[in-house]
Each structure stands twice: as C-alpha cells, then as structure tokens.
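Subject: Handover of a structure, with findings

Dear colleague,

Please find below the structure that I am handing over to you, together with its sequence. My account of what was found in it follows directly afterwards.

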Amino acid sequence: MNFLGTHILSIDQFDTQDVEALFAVADQMQPYAQRKLKTRVLEGAILGSLFFEPSTRTRISFGCAFNLLGGQVRETTEIKASALAKGESLYDTARVISGYSDIIAMRHPMAGSVEEFSKASRVPVINAGDGAAEHPSQALLDLYTIKKELNISGEIDGLNIALVGDLKNGRTVHSLCKLLKLYKNISFTLISPIELKMPEEIIEELRKAGHQINETEDMQTGLHDKHTIYLTRIQEERFSSQQEANIYRGRFRLNQSTYTTHCQPNTVIMHPLPRDSRAEANELDNDLNQHPNLAIFRQADNGVLIRMALFALTLGVEKELHNTSSDVNWYTDRRF
Amino acid sequence: MNFLGTHILSIDQFDTQDVEALFAVADQMQPYAQRKLKTRVLEGAILGSLFFEPSTRTRISFGCAFNLLGGQVRETTEIKASALAKGESLYDTARVISGYSDIIAMRHPMAGSVEEFSKASRVPVINAGDGAAEHPSQALLDLYTIKKELNISGEIDGLNIALVGDLKNGRTVHSLCKLLKLYKNISFTLISPIELKMPEEIIEELRKAGHQINETEDMQTGLHDKHTIYLTRIQEERFSSQQEANIYRGRFRLNQSTYTTHCQPNTVIMHPLPRDSRAEANELDNDLNQHPNLAIFRQADNGVLIRMALFALTLGVEKELHNTSSDVNWYTDRRF
Amino acid sequence: MNFLGTHILSIDQFDTQDVEALFAVADQMQPYAQRKLKTRVLEGAILGSLFFEPSTRTRISFGCAFNLLGGQVRETTEIKASALAKGESLYDTARVISGYSDIIAMRHPMAGSVEEFSKASRVPVINAGDGAAEHPSQALLDLYTIKKELNISGEIDGLNIALVGDLKNGRTVHSLCKLLKLYKNISFTLISPIELKMPEEIIEELRKAGHQINETEDMQTGLHDKHTIYLTRIQEERFSSQQEANIYRGRFRLNQSTYTTHCQPNTVIMHPLPRDSRAEANELDNDLNQHPNLAIFRQADNGVLIRMALFALTLGVEKELHNTSSDVNWYTDRRF
C-alpha cells in the first residue's frame, strides 16, 4: 500500500510489508515519544479529532501523537453536541470538517460509519474505532508490542498466543486476529466462556490461512507454553443488562499466583486497557503491576509511536522528521 | 470602522467599505487555508473559545482559523460545566477569561449576552451567535461566498436572491438581510410558510433602503431568475414541540429535478448548514451533491477565511502575515 | 524543596523559602502573561489536563499558563467520558496518561485521589483540587496577591486578615490558612455562621503556631482594621439540599456601603471566585466592581503567573525562559 494520502480504515488494507514499513517509522518515533528530541515537522497542520463515542485513552493518544509531530488538534467529543443531532449526514459532516483539518481521527459507535465518512472527506481519515467493527491502530500497536517484548526483529511466524475473556464483543481481539492472520503458523488458544467465544467466521479465516486454533473454557491449561497472553475486559456496554454482563465478569482472572503456576517465566502479559479493576471483575490483578513481563503500559506507550507513524506516512513527512528536530530541554528523568 | 481592538458583535457595525476591507484580507488568507503556505503570525496568542451552546461546526471553524494563524485555542463547550451555573455573572466571567486570552469567540443562547460580556472583556470579543439575535461572521461569509460564486469583484448591487425555509427563526437569514441592506437595488424573494415568514421589521428596513421584496409560499415560481438561492433548515429547537416543527419540515425542498425545471442554469445554491437530511425534512437533496453550483461546502470553507480575517484585523497582524510564512510540506493533494 | 520533577500536591510541602523561590519566578512571568513578550521554552511539551470535576476557570488558567510557555494541552473534562467509568483504577489511568504527557494538572472530586494518582505517574503532577482537601496553586496565588496588593516585598508577618463566609466547606480558605501558618504573628478574624465555622483542627494548628484567632458571627466589627478581607461563596454543592444552603446564602455580604463604613480605606478585597451574584446570595456586591482595592480579578490574573512558575520550576526551565523569547506583535492595548 502507498500510505500517502490514504484512509486507514481496516486491517484488511495491510500486508506484511506495509506492517514492516509502518513499524520501521514507529521505531524512528521513539526519541520523540520519549522526549529526547522534539520535532516541528507538522507545525501548522491540524488534526480533526472526532470522537462521537467517549474514549479518553485513544483520543489523548492520537492527540498526543499529533502534538509530538508539532501539529495542532481540534476536538469534538460528543455526538449530542454536534450537528449530527440536527439530522446532518455523515457526508456533510465529512465535507465540512475535512475543510478545517489536514487529517482526521474518528471514532463512531456505528460499524461502517468511518468508511462512509472517509468517502466524502477531503483529507486522510484514520479509523479510531467504528462500533464492533475495526480499530486498526490498536491491532498494529498490539503486534508492535508483541514483537518488541519478544525481541523479534523479522516476521512473527510460529507465535504461540492465548486470547482471554470476552472474545465475542472485544473489537481489539478481532482486529488482532485479522492482523496475525497475515503471518505463518500462529497457534491461537482462545479462552472464553462458550457464550462469549470468538466469532466463527474469524476462526474459519484463521484456519483457512493455516493457523492452529484451540478453543477452551479451561484457563489454566490454556495458559501453558504461551509467548503472549492477551487478556480482555467483559464489554459490559454491549450486553443487554448489567446482570447479564456480571455472569461473566471475574470468571477468567490472571494474578501473580496463576501466572507463576501456569505460565512460562517469560510469557508476556498484554491487555488493550482499560482493565476492570473492580473486585467483581479484576481480570488482570494489580499484584502483577510490578512484574517485568507485564507489558500493558508499554503497549499503551507504543500506541503513540504507531499513531505518530500513521500520521507521518499518510501525510508524507516520515523522511523530514529530523529536519526540524532539536533536543528536549525540560525535565524528563522520571519518565522511564 | 477601525477593526483594531474592536469587538465584532453585530452586522450593524459594518458599512460597505468595512466589508470590502475584510474581504480583501480574507482573499489573502486563501493560500493558508488551502495549505499552500503556513504562518506563525499569531504564535503565542490564545483564543478563548467560549461555546455556551453546542455548535461543532462554528466552534471548529473559529479554532481552525486561529490555529492557521499560528495561535493556540483554549475551549469551553458547556454551560453546565462552567461557573455560570454557580451564579457567576457574565461580567465576572468576562473579566477572568479575558485575562487568559488574547481574543475571545463566544456563543451563548441568550440574545444580547455577548455584547454584555464584551463590555467587561479586556480583549476583543467576536460574537459567534447570541440566541436568535446575531451571528455576524456567518452573514459575512455568506456574502463573501455570493461574490466569489458569482465572480463579482465590486459591489453586489442588483443581486436577485431567494431565501427559502424557516425565515422567522433562522438567525443567519436575518443577519444576511441586514448585510445585503447596505447595497443597492437587491431583489429578495422570500419563500416560506406564512407562519414562518421573515419578521416584518426586517422587511420594512429592506423596503426603506429601496430594495424589492417579494413574499410567496409558491417555491416553484419563487425560484425563477435568481442569481442565488439560500435554503434553510426548519429550526426545530425553536418550536414548542417537535410535532409543531414537523408541520413545516419537508414543505420546501430543492432537488435536481426542481433545480433543472425552475432555476437558471447558473443559479448558486447556498445553505448555512447543517442541512437536515432526514427523509421527512431534506430541504436540500443529496442528488445535488455533485452539482457544480452547489456552493454549500465552499461556503463552509469561506468561513475559515472570514474568521482568519476577523482575527487578523482585530489583532492588527493583517500586514505581518507573510513575515513568518513558509511552504507547507505535508500531503494536501486530496484537498481541492 | 527541590521543585525539579516534584509532584505539587499539598501546601504542606512548602516552607517560606520555597514560597519565595516560587514567587520570584512568578514575577519573571509578568511580561509573558501581560503579552509584552512571548516564549517557546516549552515548545513540544504536553500538559495532560485531567479535570474529573468541572472547573472552567482553573482548567483554562492551567492551560493558558502552559500555552504561554509555548506548550500544548491535551484535555479531559468529564469523568463519565473516561475509562474510570469502566472500572479503571487511578493507578492505570496514571500509568497511561503520564505516558502521553510531560506534566499533568489534575482535579478530582475525591480527597487524596490526586496523591494516589501521582504515585503511579511517570511525570510531575500538580493538584488542581482534590475534593475538600487541597488546592495548593490557589493558596499560593492568594498569598502572592496579598503581597502584591499590600506591596510587601519580604515576609508577611503581622498580617491582619478576615476570612468570611463558608469557612467549613471552602477548600481555598483551608489551604490559605495552611500557607499563612508558615509566617509569624498573623491575626485571623474568622467570620461565618457558627454552623459553617472553620474546622477546629485548622484553628488548633494556627494557634499552636502562635497566630491569633478571633471567631465571630458579627461581620461589621469583624471587618475593622484589616489589611485584607477574603470573602467566599456558600458552597451549595456540598450541602445535602439547596434549601439547607439557602439558609446561609446572603447572610454575609460586602458592598460599597459596608466597605466604606467598616473597612480601612486601603483594605484589600479578595475572593477565590466564582462569586455568586444571584440576588439571594451576592456575597460581594457589584457596586464595588470599580473599587481600586477590589483585587479579585488581579487575583485571577496572578493564578496564571503562579501556574507558569510551577510548570517552569517542576520542569526545570525557569532559567531558560528568555532564551526563546521575543516581542508580542499583536494588539494588546485594551488589556491593562
């Protein structure tokens, strides 16, 4: 794919070469994200940040990534505060807001809405999550994290990964499967309540691509011999009632004791966040917070790198990054 | 009028020379708004963006305009989130917020509130809409659009325009009439349900100024021989009930067929947006979206130019724009 | 205290030398806050502005201060829009958001929450108010204002101050007492309804430190011989019902007539704002708005200086401020 001017809507747009090209640019973003250097490469550019569904983390991550490249951010955070509530079509919103922006990051509760929007947009659009459908930058940062944590420089063929929790409603695990499908001989262990199992069409696609699938409700045996465990929250907001969600909250939990007993000493622990730390859920216990293999916060940090890389590539400034760069002069010692 | 340091509260402040001066500066903003050039002329300046009533489009347009001049934006978007809810007077809010800002753009649901606020402000205030009263930057961008679309370089004397829809509650058509009144021999065709007709005092003023007024409920004949048709949405939020608004939604519609049959081949189609694209309203049909005379998105784009010009003139940097300008180095090809 | 990289959580961290060091830097911020100079010393840095409780004034003040140093601001304004509503711990929020930011300003409705957050943060955190507990930058700007208004260059020993209104629930008067406690021989006159009196533990601390306390319900005699009167709003939102709050609203009022009759001619009038200007409350009357000793808006202005100084010191750029400074080129005449 030629990134220049392209809408980033779906993992389906990517092949393994695209992924490697993106990750190479993400690597170059490290000194900027770690505040060793700063750059003004996008000084004067405006990110239109349209979050028609709340998501503090993803919204700030995109905004921060754009600021770190030197650009400005104009935000909309509520659908009710917008003209959409007065009957405006996505087409009109896109025509207008794309006139104000150089690039747009958009989240919307309706599957397919970001693609519809992008067709009318006059600037590149990055899908920051459209309902249960896609969230490509999350899958990319997840894979980037897997590679960094396992210190894999090339392809990730042969990866042995467990996905745990609400595999039916979790958008991030769907996108991650789509992305891992591009590689060879991945072994997926899918640990979930039977009612919340991974959609059959995704499993079919993975099988067709030659990957190995193991579905189970037994977490303990499922955790054996994994390079990576990817935990997810029960997506309460997708259930018809809180009571129904509560049936599943807390069923699969990883804590220090489970990890020590059932995992490899080097198994990487991931989670797309937020994790539900309330006592009745607590799918990933705080007693692992200091564990060196807990990658969840490095995973969030990597999101900034991936989003910086997506901005740089779609706007075509990935090679000019260093032209306007200089040393950071403020306090950063606590940082890492 | 001397723009420097002036509050922009009402179209009444403008004469035709002011309008021409503003439009000349707006013309200079084109290469910046189109991302051919960027400027840092307002680097370090802060726009206080106070939207005590939701308006994504106008809010982002003002913010974008200020960013394009190199400045920063600090925003407030909800009245309930503000000290006003704790009994603070507009006077206090103005004294405090104007201490944080170099210029303020303010929208408020109450007519006259922005003027009251401006009296206590220590920096220039631009009225971004106060209830049903005024929205001067909208009228200015509308007139700017008319001139650009019709390729009129001087005065717009002799213009033949139809205003269609909710002429009673539509703030933008009131402001536009006030502005057109400054010129000579304009022919206004006012097409609306009789219950939603243009307020009598505005019609009187136009007549007194020598303009020609034709009121009608017959859209088809009303559309004949017009240079410009300006459509508006039924302002549901100003009706006592949705049912009452629904009586009028959908009564006057422009679509491809109506346009071809009743309009001149060059009639310019305008709308202040948002248009209500729901089936029961749909005052301006999507089948005209590709029509070359549909000016509605260029109209929104022009809003950025007008707001940039208002900022530059009130802050006195209109002549320094190019001192800090440089080429844009990122992807902009999809843009126009 | 060494400010570099330090969380600013409580007035308890400060001794009088720290206060003087901070005020010296705040003094240097004057030409920037007054838009005589601009600086880019924090260009490229990001303030994470986390307001989990509404506060337009404080939020904009922090954001403005960071912008004036050349930095960018990423904001979150609503707890319901955040992952906290999905059960995320403050620990997780802190780990993630501190990865996006260079420094964080945080307000939260729960006492102690900002400190808890700071323990997990990888960047300095400034407490912008945690429930009824602390709001250190407010106390610092209040003391800075007292010194400026009374033209005191050194210690404020011997100050004679009256605190008036809701002394039980007003967080700002608690913090101010903590700060004044550091000095010698202060005379506090505490004027409040008996039910809303200053908490006994604060009075005890002040007495132990050798200060003089006079509690009264008689406002008129309480106002005599004061250098400064510090008025506060009845904190309605902390009462069990509006009715209960209304018992106290309007009981203690300062207006032109009261001031002339009972105050010294040079008594400085302060208020943390917002003041409740509704007729039934009106603790500080608008008829004093033009009075030269009404310091309330200079007090708000000083907040920007104090917050700029806190940012500069914790990020260690207080000596580099002028390296990237230049003259302001836009209109600022109305300002002061």
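The largest nonpolar core of this predicted model has 304 residues. Within that core, the residues with the most contacts are M308 and A309 of each of the chains A, B and C, that is, M308(A), A309(A), M308(B), A309(B), M308(C) and A309(C). To take one of them, M308(B) is in contact with M29(B), Y32(B), A33(B), A65(B), L68(B) and L69(B), once its neighbours within four places in sequence are left aside.

I turn next to the arrangement of the chains. A turn of 120 degrees, with a shift of 0.0 Å along the axis, lays chain A on chain C with an RMSD of 0.0 Å. This is the relation of a three-fold axis. The C-alpha of chain A that is nearest the axis belongs to Q72(A), at 4.7 Å from it. Chain A can likewise be laid on chain B by a turn of 120 degrees and a shift of 0.0 Å along the axis, again with an RMSD of 0.0 Å.

The contacts that chain A makes with the other two chains may be described in turn.

Chain A and chain B: the contact takes 31 residues from chain A and 31 residues from chain B. On the side of chain A that touches chain B, strand β3 (72-76) and helix α3 (90-100) of chain A each supply at least two residues. The largest share comes from α3(A), with 7 residues. By class, this side of chain A has 13 nonpolar, 10 polar and 8 charged residues. Q72(A), already named as the residue of chain A that comes closest to the rotation axis, has a number that falls within the range of β3 (72-76).

Chain A and chain C: here 30 residues of chain A are in contact with 31 residues of chain C. The elements of chain A that give two or more residues to this side are α2 (56-68) and α11 (296-314). Of these, α2(A) gives the most, with 7 residues. The classes on this side of chain A are 12 nonpolar, 8 polar and 10 charged residues.

Some local features of chain C also deserve your attention. Which residue in helix α3 of chain C should be mentioned here? It is T93(C), in the helix that covers residues 90-100. T93(C) counts as buried because it has 24 C-beta neighbours inside 10 Å, and 20 or more are needed for that. T93(C) and A120(C) are 27 residues apart in sequence, while their C-alpha atoms are 8.7 Å apart in space.

Elsewhere in chain C, strand β6 (residues 160-164) and strand β7 (residues 187-191) run parallel and are joined by 5 bridges. One of the pairings is that of I161(C) with F188(C) in β7(C). Strand β7(C) is mostly covered, with 4 of its 5 residues buried.

Finally, there is an annotation from a record. In an unreviewed entry, UniProt places the feature "domain: Aspartate/ornithine carbamoyltransferase Asp/Orn-binding" at residues 157-313 of chain A. In the model, that span is 35% helix and 14% strand, and its end C-alpha atoms lie 26 Å apart.

With kind regards

Note on methods. Residues numbered from 1 in each chain as written. Chains lettered and ligands numbered in written order. Predicted model: local features only at pLDDT ≥ 70, side-chain atom pairs only at ≥ 80, totals over all residues. Contact = placed C-beta atoms within 7 Å. Nonpolar A, V, L, I, M, F, W, Y, C, P; charged D, E, K, R; others polar. Buried ≥ 20, exposed ≤ 12 C-beta atoms within 10 Å, placed from the backbone. UniProt positions renumbered as here; feature names shortened; annotations may be inferred. Least-squares fit on C-alpha atoms with pLDDT ≥ 70 in both. Core = buried A, V, L, I, M, F, W, Y, C linked by C-beta atoms within 7 Å. Pairing = 2+ DSSP bridges.
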